[in-house]
Amino acid sequence: MRVRTRSSAIIGTICLVTSLALTTASADEPAAARQARITLTNVATAKNPTAGAAGPGGRLWIAERAGTVRVLGDQGLGRPVLDISAETTTDGERGLLGIAFDRRYAHFYISYTNLEGTSTVDEFAVRGGKIQPHTRRTVLTQAQPYANHNGGDIKFGPDGYLYIALGDGGSGGDPHGNGQNLGTLLGKLLRIDPRGGTPYAIPADNPFVNTPGARGEIWSYGLRNPWRFSFDAGTGDLLIGDVGQNDWEEIDWAPASSKGGENYGWGQMEGTHPFRGGTEPANHVPPVHEYDRGNFGCSVTGGYVYRGKAIPALKGQYVFSDYCDGTIRSLRLKNGKVTAVNDLGVNGGEVISFAQGGRGELYVFAIGGSVLRVDPAARP
């Protein structure tokens, strides 16, 4: 979530992003893959949509910041299937920030900040495609010292575990050093088994389980405000859009074979650049892509690797945007290296999030309410 202040490095004026010259297409890359043509089709209007998840029957469930969840049907969005608006607030960057289903659609998870600002993940049982309110239980909480940098995205990985993204706690410049501190959950990507214990279990193969003083829930660290992460449905690779502080926005990547433990550098590094005289950690994993704010981009919005069928030329490319710029772009990656950065030629407005439908097609959410489906553009 963003607020309209430059110091919080979240949103600014709508503008052009990215130095495309930093990466160019490799000579052996198929021409069609570099020339995907798309259009954005408005399929619904939500109230400040923040996250989406494919649910039972392939329907897209959409979280609205104030605390409601609605399902996208053939006639648009239905009435709320869940309403926690009395339990959260939209102050700062707070609200309902993430939703996820487990593999069998047997449980539904929400990630939100409660009235005290504490990051909270709750679970509901799902029966017959419907949430069972009486089964609600709290899985995980984390106090937040400030009202910004909550992160809040949640996803189930290919391994069946729940991953939770938390920002560094807020303010600016990571004043508490949370990004590099393995003793706190802030500034981290977590990995837990929500059904394996009370209230959850920590997988035995998490990277810091046996590290003295470290939180076993941590999968990777050195994150400032991970604003949308996803797993490639084709390869299992992990991609994270991490919002920068002053100058650089970044996208981080880890292969499906990763054992975790990646250090993405914050608050010693902002992208590949030392932050305020910081020293690059010896185990720093640099981003696969970064762009500066010289062209006025201000806040990366991470997306998904496209695995749908409607746009063959886009298959395998990572689709993302920037809140201030709104241009929809894609990265083509090979073995963890970016071989092309593509401007897909459309603008989604103030892009706050992406969602992946049940058949792999992508949706773009603008904070003003637009729910846009990524469709193939008509040939001229």
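Which residue in strand 22 is the bridge partner of Val 305? Keep that in mind while you go through these notes; the answer is in point 1.

1. The bridge partner of Val 305 is Tyr 318, which sits in strand 22. Bear in mind that this is a predicted model. Strand 22 covers residues 317-322, and it pairs with strand 21 in the antiparallel sense, with four bridges between the two.

2. Now have a look at strand 21 itself, residues 300-305. Six of its six residues are buried, so the strand is largely enclosed by the rest of the structure. "Buried" here means under 20% relative accessible area.

3. On to the empty spaces. The largest pocket has a volume of about 630 Å³. Its lining is made up of 23 residues, and those nearest the centre are Ala 54, Phe 101, Lys 155, Phe 156 and Gln 356. Four elements each give two or more residues to this lining: strand 2 (49-54), strand 7 (96-101), strand 11 (154-156) and strand 15 (226-231).

4. What sort of residues line the largest pocket? Sorting them gives eleven nonpolar, eight polar and four charged.

5. The second largest pocket comes in at about 380 Å³. There are 17 residues around it, with Gly 58, Arg 59, Leu 72, Tyr 363 and Arg 373 lying nearest its centre. Try finding these five in the structure above.

6. How do the residues lining the second largest pocket divide? Here you get four nonpolar, eight polar and five charged. Set that beside the eleven nonpolar, eight polar and four charged of the largest pocket.

Note on methods
Residues are numbered from 1 along each chain as its sequence is written. This is a predicted model: local features need pLDDT of at least 70, side-chain atom pairs count only at pLDDT 80 or more; totals for chains, interfaces and linings use all residues. Side-chain values use heavy atoms; hydrogens and water are left out. On a 1 Å grid over the protein atoms alone, a cavity is a set of points where a 1.4 Å probe fits but cannot get out, and a pocket is an open set with protein on both sides within 12 Å along at least five of seven lines; lining residues have an atom within 4 Å of a point. Grid points are joined across faces, edges and corners, and a volume is the space filled by probe spheres set on the points. Ala, Val, Leu, Ile, Met, Phe, Trp, Tyr, Cys and Pro count as nonpolar, Asp, Glu, Lys and Arg as charged, and the others, Gly among them, as polar. Buried means under 20% relative accessible area, exposed over 50%, partly exposed in between (1.4 Å probe, protein chains only). Two strands pair if DSSP finds at least two bridges between them.
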